[in-house]
Amino acid sequence: MAKAKETAPEINLSDPQYYFNRELSWLEFNDRVLHEALDPRTPFLERLKFMAIFSSNLDEFFMVRVAILKDQVAAQVSQLPPDGRTPQQQLEAISQRLRPMVVEQHRHFEQVLRPEMLSHGIHLLDYIDLTQEQRLYLQDLYERKLFPVLTPLAVDPSHPFPLMANLSLNLAVMVKHPETGVEQFARVKVPNTLSRFVAFPEKLRQFNGQSARWVGVPLEQVIAHNLESLFPGMAIQDYHLFRLTRDADLEVAELEADDLLLAIQQELRRRHFGGSVVRLEIQPSMPPSVREMLMEEMNLAEEDVYEIDGLLNLKDLMSFMGLPMPELKDPPWIPVIPPRLRRLNELDDRSRSIDDGESIFAVIRRKDLLFHHPYESFSGSVGRFIEQAAHDPHVLAIKMTLYRTSGDSPIVDALIAAALNGKQVAALVELKARFDEENNISWAQKLEQSGVHVVYGLVGLKTHTKIVLVVRQEGEQIRRYVHIGTGNYNPKTANLYTDLGLLSCREELGADLTDLFNLLTGYSRQRSYRKILVSPVNMRDRMIAMIRREIEHCQNGGSGRVIAKMNSLVDPKIIQVLYEASQAGVQIDAIVRGICCLRPGVKGVSENIRVISIVGRFLEHSRIFYFQNNGQEEFYIGSADWMPRNLDRRVEAVAPIEDPDLTKQLKESLDILLSDNRHAWELQPDGSYVQRRPGKDEPDRSAQVILMEKAAHSAEVI
């Protein structure tokens, strides 16, 4: 009797072993940020910058992600993420992974970077190292600028434990009554009225008799050496620096809020002082009695305390980027004007006839434009488009979404000018953009006062999409112009983040954006769109369908290929389909800057998936999706990552790029990114990342440097 053919057991693609934890994956991303500070190939001041970014990132991580996990533990949440860890298990894993990283950060700063600062003439000194003349200068500065604003707060039966602001830096001061001998605790906040590092004037920039380029001390040491003035008659026993981090995740009950703006303003006040403390940073010298008192008053456990051997709050190192030392920074980069807009930017558009054939609208009518920031200028392209629309007499209406922008944004000024020029202007301002709420409230009110129709989005959804719609009268017809981008309308971050933006007047895109704005500002329940993918309407389903189409091509004897570039890859439904695609033979490259919950390189599951992360000079922020489609290639760009929040809880838009020249440009950019061997890290099956290094006799290939060179070349040849 013939033996029955054995079949391999079916693999359960939802098994937790095939998914990385999102919080631990984020920590790996921040570790790659820290590596830029440790890498001697990084210019010196840029290394201090990355030290600062690492610390700033951690602040937000604790304020939001750790805070959420703690809330879940308290609420006894039973629903588990795809990786199967409980909230408590996640907190324990975070602590286990993070503590060695924090130790490494501070060890490297104190033992490597701080001594190296001296070699560059940057002397961040301790108070005991100062000359008498330098101390007298600080004494005068203390009396004039610090003493009047300091408020010592005692803790005793008549003085309750003080309420301390989120991210505040504080001195725990122990004083003794000279008559009773009783020791008491007091808190002194280190104010932010002066720079964290107090710099000496040029005449006092001396160290060991030699002139230096910068000399200064930490502000807290200036206060600490003048504590007697705050506690006259008391004996200063000791002082210890500490810093606290609070839960800062806003919780707004939108359905119950009569006024969303007012509700968010109230929540912002709670963020600064009302959120529970989730982290306490102290120095190892703090005695157990003070440590235990702080923990008890803030309701903290031992795992919430981080001992920092050295300076606290290294994000203040960012201030050293302001030093005039270009030789210690990345070479300066000035974004180039896109070639097709070069002539336009040489003209004073407001003084010329808009019908002379040289307007930005005439350029768009001839052919779609695709911009790659910061290699190409944001202000000279997108900013130019919005500014000209504001002043063009033929423009009837401007509609725009605003998620984040700068406080002095020329974009906001252009919208105000448009309203004053009699145009219909509608701006959807997302008040719930995390940590930009106050800024957004401020200029939302400014827009309203200028006659702009301001709406605050949809209940239960954040509006994260980056779109502009300009309606223009051209002869007897109305034409719609659109901008669809991957990044915020923020001229400042446009010089720091890599993003893409499409300018087009394709009729179907204009009609789609009209429908989308009607959904955002009115009562539309639009469920179908001609070209764009919209979340939470159809984006996940369409993305999955396009991945499945690649599977079908492989099953029919062809080949399949997907390239997806994004900030984070978390969505379990899409990850499972990617696993299915890999099993079918589809070749998949994911360029994921931050969190990646997909486990690549697992035999029988994901051996055809490669994941890289690029962490370099610019923050990789663009989202690009490529599907080979049996030779009929399709490219999409937009605002959405493959995360549940983007696909289910945010309004996002992703648009096809259909012009052959632009798709060629996108494919070339993806190939450059995939070939990076300078700032690219490859995700391993065990969750670790290995940085690519050039082989013997192989040159460094930094994708960002190559793209800068290409942009500079385009500026020279036109």
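This passage describes a predicted model, taking in turn a helix, the nonpolar cores, unusual backbone geometry and salt bridges.

Helix α2, which spans residues 44–74, has 31 residues and reaches 44 Å from its first C-alpha to its last, close to the 45 Å expected at 1.5 Å a residue. The helix is nevertheless bent, by about 35 degrees, at F62. After α2 comes Q76, a residue whose phi is positive.

The largest nonpolar core has 122 residues, and those that touch the most other members are L45, F109, F320, M543 and W642. Helix α2 gives the most to this core, with 13 residues. One of the residues named above, L45, is found in helix α2 and is buried, its relative accessible area being 0%. Once residues up to four places away in sequence are set aside, L45 touches I122, F320, M321, L323, M325, L328 and K329, and F320 in this list is itself among the core residues that touch the most other members. The C-alpha atoms of L45 and S319 are 9.9 Å apart in space, although 274 residues separate the two in sequence. For F109, with residues up to four places away again not counted, the residues touched are L48, M51, R114, P115, M117, L124, L311, L314 and L317. A second core, separate from the one just described, comprises 49 residues and includes A397, I591, F635 and L674.

A further set of contacts concerns E28, which is found in helix α1, residues 22–38. E28 has a relative accessibility of 15% and therefore counts as buried, the cut-off for that class being under 20%. Beyond its neighbours within four places in sequence, E28 is in contact with R97, G687 and Y689.

The backbone departs from common geometry at several positions. Most residues other than glycine have a negative phi, and most peptide bonds are trans. The peptide bond from H373 to P374 is cis, with omega near 0 degrees, and P374 is placed in the loop between β12 (369–373) and α10 (382–391). A cis peptide bond is likewise found from S535 to P536, where omega is near 5 degrees; P536 lies in the loop between β20 (533–535) and α14 (539–555). As regards phi, Q76 is not a glycine and yet has a positive value of about 55 degrees. Q76 is found in the loop between α2 and α3 (87–119) and is exposed, with a relative accessible area of 69%. D697, which is not a glycine either, has a positive phi of about 65 degrees. This residue, D697, lies in the loop between β29 (689–691) and α18 (703–717), and at 77% relative accessibility D697 counts as exposed.

Side chains of opposite charge can pair when their charged atoms come close. The structure holds 50 salt bridges, of which several are described here. In one of them, the side chains of R506 and D368 meet at 2.5 Å, N to O. Because R506 lies in the loop between β19 (497–504) and α13 (507–521), whereas D368 lies in the loop between α9 (360–366) and β12, the pair ties together parts that are 138 residues apart in sequence. The two partners can be described separately in terms of exposure: R506 counts as partly exposed at 31% relative accessibility, and D368 counts as buried at 8%.

In another salt bridge, the side chains of D571 and R540 meet at 2.7 Å, N to O. The pair links distant parts of the chain, with D571 in the loop between β21 (561–566) and α15 (572–584) and R540 in helix α14, 31 residues apart. Both D571 and R540 are buried. Strand β21 takes part in a salt bridge through K565, whose side chain meets that of E620 at 3.0 Å, N to O. Here K565 in strand β21 and E620 in strand β24, residues 619–620, are 55 residues apart, and the pair links distant parts of the chain. K565 counts as buried at 2% relative accessibility, and E620 counts as buried at 5%. Finally, salt bridges that share partners join D59, R243, R279, E281 and K315 into one network.

How values were computed
Residues numbered from 1 in each chain as written. Predicted model: local features only at pLDDT ≥ 70, side-chain atom pairs only at ≥ 80, totals over all residues. Heavy atoms only, no water. Helix = DSSP H or I, 4+ residues; strand = E, 2+ residues; numbered from the N terminus. Expected span 1.5 Å × (residues − 1). Bend = angle between axes of the 7 residues up to and from the residue. Core = buried A, V, L, I, M, F, W, Y, C linked by side-chain atoms within 4.5 Å. Buried < 20%, exposed > 50% of the residue type's maximum accessible area, 1.4 Å probe, protein only. Contact = heavy atoms within 4.5 Å. Salt bridge = Lys/Arg side-chain N within 4 Å of Asp/Glu carboxyl O.
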